[in-house]
There are 2 protein chains.
Amino acid sequence: MARPKQTTSPNRRRQILEQAAGLFKTNGFNATTMRQLAEQSGMEAASLYNHISSKEELLREICCTVANDFNAHLLQLEADDSCASRKMEAIIRFHIHMLLTRYNDVYVSNRDWKHLKEPWLTNFLNQRKLYENRLAAIIQQGVDAGKFKPVHPHVAVLTILSAVRSIEYWQRSKKAISSKQIADDLVMLLLKGLEQ
Amino acid sequence: MARPKQTTSPNRRRQILEQAAGLFKTNGFNATTMRQLAEQSGMEAASLYNHISSKEELLREICCTVANDFNAHLLQLEADDSCASRKMEAIIRFHIHMLLTRYNDVYVSNRDWKHLKEPWLTNFLNQRKLYENRLAAIIQQGVDAGKFKPVHPHVAVLTILSAVRSIEYWQRSKKAISSKQIADDLVMLLLKGLEQ
DNA sequence: CCTACCGATCGGTAGG
DNA sequence: CCTACCGATCGGTAGG
């Protein structure tokens, strides 16, 4: 049987990307070295460059994938005809779900996007801005319909997006609280408030 | 008139610290170089070491100062006999106030504490944990008194602490919204919720 | 996928 | 506060 030519396999590449996300999350993008990544991937640093073209490309791929997923979900939700309240709850729950199931990628994307190079940095920021504006539009609809309090929509958007990131702390410390209770509490806090 | 001996002045040190906070905020701790800091301070990199002993010392001073200020405020508040609701509002408003008036320091402390060296890293994390526990205790009092919804106190604490950091985004983009409106909206959202 | 290696840059020191 | 410089380490390349 002929041994298959050992060219760069997409599988190997995906493994490297996963390891990179883990290292970036733990140490930060700058503090992660290609030698660390190589060791975790079972090869020499120089060999990584058969699978990727640069360290920044790894970050780029992580950030773009995450951004695309959030975009796709929102696009689908906007086509829906449920009320603003239900939409906001779905958005909050989706963010929680992303944080819980793809912790490393989302965490790194949230913190390390600053190290993207142009033109990807500008593109990333534009996409994020657009995403926030679309969330603000949903909240504005709720305000107009008298369903939401008359808050400034952008304040509400950033508050909610920030609050949802508290999941990061839970993922870190494996507390004796189920994901479901955390998610339910978060949704209640943001939609109904802390006070009784 | 005798020219005063030009030894290391506390003033110069404070200036360097302020510049460092600005650079750390913009570029991150690792990506900030002592040569950049030297240039902004109007001297050569080597000369910085007449005023400080290491790059990490700068970060340490920033993180400790911020942590002490939050601690002091909470200590004072705990002696107060107002209800849990009023206490939580005061805490939220203090966090907002710190973010607005000492943006660089708080931002860097929130993001770059990971680069502290031992034993300060452990000390910082212990202090933060203790702070969160004391907030959770206040929330628990509110829940017991029937003033707060029956949420898990730690979930509420982390949600609120995360939400308050959304101020960071506002500080960055000078929007046409006053600090007061942002603060009021934030307090309302967290205590009363988004829904009408 | 490896060995060998490069140019750049880093935080920090010596000695004045 | 400066000049001169060091040892370490980085991301990445050459050439196989």
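Helices here are DSSP runs of at least four residues, numbered from the N terminus. With that in hand, a good place to start in this predicted model is a proline. Pro119(A) sits in the loop that links helix H6 (103-112) to helix H7 (120-144) of chain A. The peptide bond between Glu118(A) and Pro119(A) is cis, with omega at about 5 degrees. That is worth a second look because most peptide bonds are trans. Chain B has a cis bond too, between Glu118(B) and Pro119(B), and there omega is about 10 degrees. In chain B, Pro119(B) falls in the loop between helix H5 (103-112) and helix H6 (120-144).

How do the two chains relate to each other? Turning chain A by 180 degrees, with a shift of 0.0 Å along the axis, lays it on chain B with an RMSD of 0.0 Å. This is the relation of a two-fold axis. Within chain A, the residue that comes closest to the axis is Gly193(A), whose C-alpha is 1.7 Å away.

Next comes the interface. Here 49 residues of chain A touch 49 residues of chain B. The two chains bury about 4400 Å² between them, with 58% of that on carbon and sulfur atoms. Three residues, Lys149(A), Leu194(A) and Glu195(A), supply 18% of the area chain A buries against chain B, more than any other three. Every interface residue of chain A (100%) is also an interface residue in chain B, so the copies meet through the same surface.

As for polar links, 27 residue pairs are in polar contact between chain A and chain B, and the count of salt bridges is two. One of these salt bridges joins Lys192(A) to Glu195(B), with the closest N and O atoms 2.9 Å apart. Several helices of chain A give two or more residues to this side, including helix H1 (10-27), H6, H7 and helix H10 (179-192). H10(A) gives the most, with nine residues. Sorted by class, this side of chain A has 22 nonpolar, 14 polar and 13 charged residues.

Finally, there is the DNA. DNA strand D is surrounded by 15 residues, and among the closest are Arg35(A), Met43(B) and Asn50(B). Those near the strand comprise five nonpolar, six polar and four charged residues. Which parts of the strand lie within 4 Å of the protein? Of those atoms, 55% belong to sugar or phosphate, and the rest to bases. On the phosphate side, a polar backbone atom of Met34(A) is 2.9 Å from a phosphate oxygen. Bases are reached as well: a polar side-chain atom of Arg35(A) lies 2.7 Å from a base nitrogen of strand D, and an N or O atom in the side chain of Asn50(B) is 2.8 Å from a base nitrogen.

How values were computed. Residues are numbered from 1 along each chain as its sequence is written. Chains are lettered from A and ligands numbered from 1 in the order in which they are written. This is a predicted model: local features need pLDDT of at least 70, side-chain atom pairs count only at pLDDT 80 or more; totals for chains, interfaces and linings use all residues. Side-chain values use heavy atoms; hydrogens and water are left out. A residue is near a molecule or strand if one of its heavy atoms lies within 4 Å of it. A polar contact is a pair of N or O atoms within 3.5 Å; within protein, one must be able to donate a hydrogen and the other to accept it, and residues adjacent in sequence count only if both atoms are side-chain atoms. Ala, Val, Leu, Ile, Met, Phe, Trp, Tyr, Cys and Pro count as nonpolar, Asp, Glu, Lys and Arg as charged, and the others, Gly among them, as polar. Copies are superposed by least squares on the C-alpha atoms of residues with pLDDT of at least 70 in both. Contact means heavy atoms within 4.5 Å. Buried area is the accessible area (1.4 Å probe) that two parts lose on being put together, summed over both. A salt bridge is a side-chain nitrogen of Lys or Arg within 4 Å of a carboxyl oxygen of Asp or Glu.
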